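Trainee: I should like to take a close look at one part of this model, namely its surface patches. Could you describe them in their structural setting?

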Amino acid sequence: MAQKQFAVIGLGRFGSSVARTLYEMGYDVLGIDMDEELVQDSVDTVTHAVACDSTDESALKSIGIRNFDVVVVAIGDDVRSSILTTLILKEMGVKMIVVKAQDTMHGKVLEKIGADRVVYPERDMGARVAHNLISPNIVDYIELAEDYSILEIQAPSKFVGRSLEQIDIRRKYGCNVMAIKHRTHINIAPIASDIIHEGDVLVVVGRNEDLDELDETR
């Protein structure tokens with residue numbers, strides 16, 4: 001099976017980070033930006049980098065943007081260019097369009113014109129930092145929906161030495177353990193007999209109120 005190919009439009013802090021991470025994971029990545037200096041800065045962290053105006057349909061066609069499996073629109077503060085680029089990509093038939101939104105209103109417009117996924121990096125990072133400040137036990141936080149999230153949380157001391165079956169998180173807290181991180185090892189398919197060790201991190205999904213109750217278990 002052919003490996004997915006990605007294009008990232010906008011090579012600012014967010015776009016360059018996405019592009020570099022995908023490239024380091026072994027994927028083919030095309031980096032695109034109007035700023036030739038940003039393009040030059042990215043030549044060693046993407047497969048190819050080109051200077052291009054993403055609001056110019058003919059320019060996008062010339063670089064074969066339709067051939068990419070996923071196009072990430074990571075344009076910074078220029079909301080108009082972000083919306084116009086997304087609209088052009090949609091009309092060109094790009095398979096998957098992921099767009100960075102500045103705020104909720106921007107995101108709603110992007111969804112209306114056909115963005116397959118809208119991301120809010122500043123908002124999401126702010127939420128992660130806030131949750132970590134409130135509870136030092138929370139390693140990471142991802143909001144799935146208004147009432148549901150995924151938490152990476154340090155295993156409470158009362159869980160140490162006990163199995164998932166004995167702890168029975170699903171019945172007591174209404175949450176599901178998706179994975180267990182033990183030092184450098186990640187158990188992505190935990191079973192009932194798996195034992196929790198000191199220092200383990202639990203990856204848990206559930207309703208926010210249930211996750212809060214779990215976090216308060218010390």
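Mentor: The account below passes from the chain as a whole to the two patches. The model is a predicted one. Its protein chain contains nine helices and eleven strands, and its C-alpha atoms occupy a box of roughly 60 × 35 × 30 Å along the principal axes. Of the 218 residues in the chain, 40% count as buried.

For residues 3–119, an unreviewed UniProt entry lists the feature "domain: RCK N-terminal". That span is 40% helix and 23% strand, and the C-alpha atoms at its two ends are 23 Å apart.

Let us turn to the charged patch. On the surface, D35, E36, E37 and D41 gather into a patch of negative charge. One of these residues, D35, sits in the loop that links β2 (28–33) with α2 (36–41). Its relative accessibility is 34%; because buried means under 20% and exposed means over 50%, D35 is classed as partly exposed.

The other patch is nonpolar: I142, L144 and Y148 together make a surface area of about 280 Å². Within this group, L144 is placed in the loop between β7 (138–143) and β8 (148–154). With a relative accessible area of 49%, L144 is partly exposed, since the exposed class requires over 50%.

To draw the two together, D35 of the negative patch lies in a loop between a strand and a helix, β2 and α2, while L144 of the nonpolar patch lies in a loop between two strands, β7 and β8.

Notes. Residues numbered from 1 in each chain as written. Predicted model: local features only at pLDDT ≥ 70, side-chain atom pairs only at ≥ 80, totals over all residues. Heavy atoms only, no water. UniProt positions renumbered as here; feature names shortened; annotations may be inferred. Helix = DSSP H or I, 4+ residues; strand = E, 2+ residues; numbered from the N terminus. Patch = residues over 30% accessible without salt bridge, like charges linked within 9 Å, V, L, I, M, F, W, Y side chains within 5 Å. Areas by Shrake-Rupley, 256 points an atom, 1.4 Å probe, with all protein chains shown as cover. Salt bridge = Lys/Arg side-chain N within 4 Å of Asp/Glu carboxyl O. Lys, Arg positive; Asp, Glu negative; His and termini not counted. Charge placed at Lys NZ, Arg CZ, Asp CG, Glu CD. Buried < 20%, exposed > 50% of the residue type's maximum accessible area, 1.4 Å probe, protein only.
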